[in-house]
Amino acid sequence: MLFEKFNISLIKEYIDNLNCNKNTTLIIYVAENSKENLEELREYLNLEEINFFGGIFPGIIYNNRVIREGIVIDTIPVIDTPLLIPDLDSYEEYLNLGSKLSNILEKDNCSAVIFLDGLSGDVEPFLNKLQNVTFGKVNFIGGGTGNDKFEKFPSVFSNEGIFSNAAVIAFTELQSKMNVRHGWEKLMGPYVATRTNKNVIKELNWETAFEIYKSVIEEDSKSNVNTDNFSNVSKSYPFGMYKSYNEDIVRDPVMVNEKGELVCIGVVPENSVLNVLKGVPDNLINAAKSAAESFLIESRKVTNSMVFDCISRYMYLGRNFATELNTIRNTFPYNNKIYGALTIGEIASNGSGIIEFYNKTVVIGILHE
């Protein structure tokens, strides 16, 4: 259900009519411009003993629209209450098989919706650990929380509170299918990330990262690139981490620091093979269409339809982003409402058991019986 204004009275009335039980959990998507009233809603849900989890995002996706102010509420049948990791710096102590996860992994197969702080430096280590302790038996879909200014603030929430540098996961016995596409094309490369530190690329081919990147962009764009216009130019030229079995995994350089190092959304492992990619709007839109088309041969009883689309993809496409969402909505074969968010990084295991963290990518998924 979409509420374009955070009207707490209407939201309470709607939730009362849901008649939630202990096996039903609310998924709550909050647009960043409406976060001020979240604590009041959280207190009400705790008073009513209703389980919930969610994230604050730059925008909410509702069918073929982007909502920059408001809230979306969906429901999901769960195996257990959502698993909160309140601090990704100490995620190890929460991912132990002696508690909630052991009950979940007794199921043959299950799915999970996951939201986490998209600006945390521990996203990939956490996801790798999560993959190891779930043995590839769980299909994950979700995205990174935050805002379009890439500022850190508490943006992950559950019954237990509103947290920064956190993650929350809801496990369900529903099955899932998802598809991941981006449509960015190789411009130049490959380069080797010879020195990195988590999400910071220090050197490419043993040279200052910004100098290499700048030379490629200036040759293609025929314009000067500097620290002042970097974010405006770089949105059109992400990196792609080479994958032999699939599209490159995109890494979004969002700023250059005083040392000429490139700060990205998401970890870039040292010695990664990188290409500089370039965007063509029609190609990105066609990639989203391809992702939606993958569901055309399916005939399932779908309970939840979700789209997680990167905020920097939205910023790059501008007015064309409406065409992307219309294309997804018109191609998608199910009549369910599509809920989702503009995200700071997208998460999907895509049926492979490997949980990936993407940038500038669209993830489309369904939960079904």
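## Asp309, its surroundings, and the sheets and spaces of the model

Asp309 touches nine residues beyond its own stretch of sequence: Ile61, Phe321, Glu324, Ala341, Leu342, Thr343, Glu346, Thr361 and Val362, leaving out residues up to four places away. This is a predicted model. Asp309 sits in strand E22, which spans residues 302-310. Is Asp309 buried or exposed? Asp309 counts as buried, because its relative accessibility is 0% and the cut-off for buried is under 20%.

**Strand E4 and its partners**

One contact of Asp309 is Ile61. Ile61 belongs to strand E4, residues 59-62, and is buried there. Both faces of E4 are covered. Gly59 and Ile61 are buried on one side, Ile60 and Tyr62 on the other. In a regular strand, side chains alternate between the two faces of the sheet.

Which strands pair with E4? One is strand E23, residues 338-343, which runs antiparallel to E4 and is joined to E4 by four bridges. Within E23, Gly340 is the bridge partner of Ile61. E23 also covers the positions of Ala341, Leu342 and Thr343, and these three are among the contacts of Asp309.

Strand E5, residues 65-67, also pairs with E4 in the antiparallel sense, over three bridges. Here Ile61 stands opposite Val66. E4 and E5 form a hairpin with two residues between the strands. In that hairpin, Asn63 takes a positive phi near 55°.

**Backbone features to check**

Asn63 has company. Phe150 and Asn165 also have positive phi values, although neither is glycine. The table sets these two side by side.

| Residue | Phi | Place | Relative accessible area |
|---|---|---|---|
| Phe150 | near 55° | loop between E9 (138-145) and E10 (156-158) | 26%, partly exposed |
| Asn165 | near 55° | loop between E11 (161-163) and E12 (167-172) | 11%, buried |

Why do the two fall into separate exposure classes? Buried means under 20% relative accessible area. Asn165 is buried because its value is 11%, whereas Phe150 is partly exposed because its value is 26%.

The peptide bond between Gly189 and Pro190 is cis, with omega about 10°. Pro190 lies in strand E14, residues 185-192.

**The six-stranded sheet and helix H1**

An open sheet is built from six strands in the order E1-E6-E2-E3-E10-E11, with mixed pairing. Strand E1 (2-3) and E11 are at the edges; each has a single partner strand, so one side of each lacks a neighbour in the sheet. Helix H1, residues 8-18, packs on this sheet and touches E1, E2 and E6. The direction of H1 makes about 15° with that of E6.

Inside the sheet, strand E2 (residues 24-31) and strand E6 (residues 71-77) run antiparallel and are joined by seven bridges. Thr25 has Ile76 as its bridge partner in E6.

Glu13 lies in H1. Glu13 is partly exposed, because its relative accessible area is 48% and exposed requires over 50%. How far apart are Glu13 and Ile76 in space, C-alpha to C-alpha? They are 19 Å apart, with their positions 63 residues apart in sequence numbering.

**Pocket and cavity**

The largest pocket holds about 270 Å³ of space. Its lining has 17 residues. Met241, Lys243, Arg251, Pro269 and Glu356 lie nearest the pocket centre. Which element gives the most to this lining? Helix H4 does, with four residues. H4 (123-134), strand E19 (249-256) and strand E25 (356-358) each supply at least two. By class, the pocket lining has ten nonpolar, three polar and four charged residues.

The whole structure contains one cavity of 30 Å³ or more. The volume of this largest cavity is about 30 Å³. Its lining consists of Phe150, Asp252, Ile265, Cys310, Ile311, Ser312, Ile344, Gly345 and Asn359. Five of these residues are nonpolar, three polar and one charged. Phe150 thus appears twice in this report: it has a positive phi, and it lines the largest cavity.

Conventions
Residues numbered from 1 in each chain as written. Predicted model: local features only at pLDDT ≥ 70, side-chain atom pairs only at ≥ 80, totals over all residues. Heavy atoms only, no water. 1 Å grid on protein atoms, 1.4 Å probe; cavity = no way out; pocket = protein on both sides within 12 Å on 5 of 7 lines; lining within 4 Å. Points joined across faces, edges and corners; volume = space filled by probe spheres on them. Nonpolar A, V, L, I, M, F, W, Y, C, P; charged D, E, K, R; others polar. Buried < 20%, exposed > 50% of the residue type's maximum accessible area, 1.4 Å probe, protein only. Pairing = 2+ DSSP bridges. Contact = heavy atoms within 4.5 Å. Axes fitted to C-alpha atoms, helices over the stretch in contact; angles between N-to-C directions.
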